[in-house]
Amino acid sequence: HLAAFGRLENATGVFLSVANPFFKVAADGKNATLAFDAGGAAPEDGSFVAEPGVVGVTRLEKYAYDDVNLGERRAFVACVESYLLDAPRNESVKVNVAWDESDYQIDVAAAAGRDEYARIF
């Protein structure tokens, strides 16, 4: 599990999650636990910097899918999207990759070749 959800009165709730999918989140009726197994890679002093935990507020909706209320889902998706490194776009992004450009064939000794190389980068 990546998140634990709690439901409060007045159609509100909270969720607890972490910004790293290797953490484990467990919850029962009253308690939530975050755990991380470093796989024996912890430093000698036994401490390391971990990714942030997040706490969010939800507005419960009338409908649910399995055990997840649609309001909980909406809040969690908004939280995850805020961590994305690229924003949603309405246009494509052109990426030049060396093997697609055949850059090894460019003659950089000539001015036209240098211009072509600059265009790629």
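In what follows, helices and strands are DSSP runs, numbered from the N terminus. The model I am presenting is a predicted one.

I begin with the surface. The residue L8 sits in the loop that connects β1 (3–7) with β2 (12–18). Together with V14 and V57, L8 makes up a nonpolar surface patch, and the accessible area of these three residues combined is about 270 Å².

I turn next to the second largest pocket. Its volume is about 190 Å³. Its lining consists of 11 residues, and those nearest the centre of the pocket are S17, V18, A19, N20 and V80. Which elements give two or more residues to this lining? They are β2 and α1 (70–82). The largest share comes from α1, which supplies 3 residues. In character, the lining of this pocket comprises 9 nonpolar residues and 2 polar ones, with no charged residue.

Finally, I come to the aromatic rings. A pair of such rings is described by two quantities, the distance of the centres and the angle of the planes. In this model the count is 3 aromatic pairs. One of them is formed by F5 and F15: the ring centres are 5.9 Å apart and the planes stand at 40°, so this pair is classed as tilted, since stacked requires under 30 degrees and edge-to-face over 60. Where in the chain do the two partners lie? F5 belongs to strand β1 and F15 to strand β2, 10 residues apart, and the pair thereby links distant parts of the chain.

To close, I return to β2, a strand that contributes two or more residues to the pocket lining and also carries F15 of the tilted pair.

How values were computed:
Residues numbered from 1 in each chain as written. Predicted model: local features only at pLDDT ≥ 70, side-chain atom pairs only at ≥ 80, totals over all residues. Heavy atoms only, no water. Patch = residues over 30% accessible without salt bridge, like charges linked within 9 Å, V, L, I, M, F, W, Y side chains within 5 Å. Areas by Shrake-Rupley, 256 points an atom, 1.4 Å probe, with all protein chains shown as cover. Salt bridge = Lys/Arg side-chain N within 4 Å of Asp/Glu carboxyl O. Helix = DSSP H or I, 4+ residues; strand = E, 2+ residues; numbered from the N terminus. 1 Å grid on protein atoms, 1.4 Å probe; cavity = no way out; pocket = protein on both sides within 12 Å on 5 of 7 lines; lining within 4 Å. Points joined across faces, edges and corners; volume = space filled by probe spheres on them. Nonpolar A, V, L, I, M, F, W, Y, C, P; charged D, E, K, R; others polar. Phe/Tyr/Trp six-rings, centres within 6.5 Å; stacked < 30°, edge-to-face > 60°.
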